[in-house]
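Reader: I have a structure to study for class. Could you take me through it in plain terms?
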Amino acid sequence: RRKVAILISGGGSNMLALARDMADPGHPAEVCLVLSNRPDAGGLARAAEMGIPTAVVDHRSYPDRASFEAAMMAPLRESGAELLCLAGFMRVLTPGFIEAWAGRMLNIHPSILPLFPGLHTHARCLAAGMAVHGCTVHEVTPDLDSGPILGQAVVPVEAGDTPDALAARVLPMEHRLYPPVLRRFVAGERAPLALLA
Ligand code: GAR
């Protein structure tokens, strides 16, 4: 089974969705590490409860992105990780780190890319007057949130939606999208998966 490390910064609900799917012994991959850049990330305890090894590399302990990333490489190498899944990992990665994992790193982003790369996607979707919103799993390339699209899920925008209400509608779709996209990716499938609410 291919070894997957999951990088988080927060609650880790996408990490859990991936880890629960990989708990299936018939899955072609297994989680070897959950790594957080924040020591207080809620996902660390949730991973540990599932018996998954965890590590913290606190970006605030390093003077620049390159040294932070070099510090992440040690636990990643020790874990035997072959693939990385970013799951609510909120640090921008340098081209050097991304090159080291070229073709082996996925990310989930809370918008229908190429719309709304970057932060505050739900508020920006509402401000744009969109009728639909969603999430995207894509391969990570040096340009932020713009690598090849591997899967997208769509939800409606409803009257009176706030950014939080929209986020709460998108997040369960993230959990439905990321696990099958990872399975397909490990199996060599690159055609994007579409999920409609
Ligand atoms: C998710 O909505 C994910 O798409 C988003 O952060 C949330 C993490 O939730 N990621 C980004 O904004 C990446 N720039 P989780 O920790 O519960 O998975």
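Author: The conversation below covers the sheet, the helices, the cores and one annotated residue. This is a predicted model, in which local features need pLDDT of at least 70, side-chain atom pairs count only at pLDDT 80 or more, and totals for chains, interfaces and linings use all residues. Residues are numbered from 1 along each chain as its sequence is written, and side-chain values use heavy atoms, with hydrogens and water left out.

Reader: How many strands form the open sheet, and in what order?
Author: The open sheet is formed by 8 strands in the order β3-β2-β1-β4-β5-β6-β7-β8, with mixed pairing. Strands are DSSP runs of E with at least two residues, helices are runs of H or I with at least four, and both are numbered from the N terminus. Two strands pair if DSSP finds at least two bridges between them.

Reader: Which are the edge strands?
Author: They are β3 (54-56) and β8 (193-196), each of which pairs on one side only. From one strand to the next, the twist averages 20°.

Reader: Which strands does α6 lie across?
Author: Helix α6 lies across β1, β2, β4, β5, β6 (132-139), β7 (149-156) and β8, and runs at about 155° to β7. Such angles run from 0 to 180 degrees between N-to-C directions, with axes fitted to C-alpha atoms, for helices over the stretch in contact; contact means heavy atoms within 4.5 Å.

Reader: What does α6 give to the largest nonpolar core?
Author: Helix α6 (residues 163-186) gives 8 residues, the most to this core. The core has 35 residues, and Ile6 and Leu177 are among those touching the most other members. A nonpolar core is a set of buried Ala, Val, Leu, Ile, Met, Phe, Trp, Tyr and Cys residues joined through side-chain atoms within 4.5 Å. Buried means under 20% relative accessible area, exposed over 50%, and partly exposed in between (1.4 Å probe, protein chains only).

Reader: Changing topic, which residue does UniProt list for "active site"?
Author: The unreviewed UniProt entry lists His109; annotations there may be inferred rather than shown by experiment, feature names are shortened, and positions are given in the numbering used here.

Reader: Is His109 buried or exposed?
Author: His109 is buried, because its relative accessible area is 3%. His109 is found in strand β5 (residues 105-109).

Reader: What lies 2.7 Å from a polar atom of the His109 side chain?
Author: That is the backbone oxygen of Phe116. Leaving out residues up to four places away in sequence, His109 also touches others, including Cys135, His138 and Asp145.

Conventions: A polar contact is a pair of N or O atoms within 3.5 Å; within protein, one must be able to donate a hydrogen and the other to accept it, and residues adjacent in sequence count only if both atoms are side-chain atoms.
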